[in-house]
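Colleague: Could you pick one part of this model and take a close look at it for me? Start with what is tucked away inside, then work outwards to the rest of the chain.

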Amino acid sequence: MIVDLPSSNTSAVNRKLVEMRASGGALTMSRVLTLVIVTEDGSGIEDSIAAANSASHEHPCRIIVLARGQRRAAPRLDAQIRVGGDAGASEVIVLRGYGPLASDDAGAGMVVPLLLPDAPIVAWWPEEAPAVPSDDPVGKLATRRITDALSAKNPLKAFEQRRAHYVAGDTDLTWTRLTPWRALLATALDAPPFEPVTNVVVAGEAVSPSTELLAGWLAVRLDCKVKRSPAASGPGVVSVRLERRSGPVELVRPDGKVGTLRQPGQPDRLVALARREVRDCLAEELRRLDADEIYGAALDGVGRVARGRTPVSVPALAGA
């Protein structure tokens, strides 16, 4: 069910929520957090709401969407409430502010009356994010702040801003996309012969914040020389090579879908390594509401990574 409240205010939205709860029992109170989505008004809003609705099946929440409209328009707030089949396991409140109500401060002011009492607040910028999320008016309300450097107009610039202004509670979906890579590499090193890694080469797209983060994470965790090189082909992270005395461990994903894990003395193994969707990354980030110290350490580790200029060619897959 979708209820539109044109030219409204937050008091009217709250009254309508109470009325819907009293009349139809459409809304439940078992919400574990409030997710605030901050974005520009446009077609991309529906994709963000769909991702949040999918994540809400794992984390029932109230979703508040701040859709900032035209700054030069007359001041107006158009609200919308979605429940039931249109809201997953959540209730969705869309606030479209125009004129002065499209500013950051006004957006935070509209959010406050709609927050769930005594529930954690998570802020998510699915596209462009402020340079310092923790200083943003909405970011100040949140215990967790989720950004996505890859969706920014300039991903590498956005990534450098994340590095320069990291505060405990910040995270980025470019980090969450690395979870399968990190798990596979950790599992490979947990098996015999338990030798130290002496050298690492991480290859990926020239514009790939995830590749930068993976290299930084390995530099911190393995405390060895790590080089980040461009890949001759392939999307995102393409390959990781860990040098050890008995031979290298290699994880290669040339097509963005299927990876190959190579280890000395073992047959090549094909592993599912498809690029993760936003909804899956968001659901993972909502599983924790405390600071992600490993992400912060990986950001610091990027400064320890050497740069390679020669593109790395992806080794041929077994049987190809």
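Modeller: Let's start with helix H10, residues 293-301, where Tyr-295, Gly-296, Ala-298, Leu-299 and Gly-301 are buried. Buried here means under 20% relative accessible area, exposed means over 50%, and partly exposed is in between, with a 1.4 Å probe and protein chains only. Helices (H or I, at least four residues) and strands (E, at least two) are DSSP runs numbered from the N terminus. Before you lean on any of this: it's a predicted model, so local features need pLDDT of at least 70 and side-chain atom pairs count only at pLDDT 80 or more, while totals for chains, interfaces and linings use all residues. Residues are numbered from 1 along each chain as its sequence is written, and side-chain values use heavy atoms, with hydrogens and water left out.

Back to the helix. The buried residues of H10 pack against helix H5 (155-164), strand E8 (170-172), helix H6 (173-176) and helix H8 (209-222). Contact, by the way, is heavy atoms within 4.5 Å. The N-terminal end of H10 is capped by Asp-292, which puts a side-chain oxygen 3.3 Å from the backbone nitrogen of Ile-294.

H10 also feeds into something bigger. The largest nonpolar core has 33 residues, and Val-200, Leu-214, Leu-218, Val-226 and Val-240 have the most contacts inside it. Such a core is a set of buried Ala, Val, Leu, Ile, Met, Phe, Trp, Tyr and Cys residues joined through side-chain atoms within 4.5 Å. Two or more residues each come from H5, helix H7 (179-189), strand E9 (199-204), H8, strand E11 (237-243), strand E12 (249-252) and H10. H8 gives the largest share, six residues. As a rule, in soluble globular proteins, nonpolar side chains tend to be buried together.

Val-226 is a good place to zoom in. Ignoring neighbours within four places in sequence, Val-226 is in contact with Val-200, Val-202, Ala-215, Leu-218, Ala-219, Arg-304, Val-305 and Ala-306.

Now for the loops around there. The peptide bond from Pro-192 to Pro-193 is cis, with omega near 20°, and Pro-193 sits in the loop between H7 and E9. Phe-194 is in the loop between H7 and E9 too, with phi near 55°, a positive value in a residue other than glycine. With a relative accessible area of 55%, Phe-194 counts as exposed. Asp-223 has a positive phi as well, near 50°, and isn't glycine either; its loop runs between H8 and strand E10 (225-230). At 60% relative accessible area, Asp-223 is exposed. For context, most residues other than glycine have a negative phi, and most peptide bonds are trans.

There's another core, lying apart from the largest one: it has 26 residues, among them Val-36, Val-38, Ala-108 and Val-111. Val-111 belongs to helix H3, residues 104-111, and is buried, with a relative accessible area of 1%. Leaving out residues up to four places away in sequence, Val-111 touches Val-36, Ile-64, Leu-66 and Leu-141. Its C-alpha is separated by 9.9 Å from that of Ile-93, 18 residues apart along the chain.

Some polar residues are buried as well. Asn-53, in helix H2 (residues 44-56), counts as buried at 11% relative accessibility. Beyond residues up to four places away, Asn-53 touches Ile-63, Asp-86, Ala-87, Gly-88, Ala-89, Ser-90 and Val-92. Asp-78 lies in strand E4 (residues 76-82) and is buried at 17% relative accessible area. The side chains of Asp-78 and Arg-76 share a polar contact of 3.0 Å. That term means a pair of N or O atoms within 3.5 Å; within protein, one must be able to donate a hydrogen and the other to accept it, and residues adjacent in sequence count only if both atoms are side-chain atoms. With the same four-place cut-off, Asp-78 touches Leu-5, Pro-6, Ser-7, Val-94, Leu-95, Arg-96 and Tyr-98.

Zooming right out, the protein comes to ten helices and 15 strands, and its C-alpha trace spans about 70 × 35 × 35 Å along its principal axes. Of the 320 residues, 51% are buried. Among contacts between residues at least 6 apart in sequence, 72% join residues at least 24 apart.
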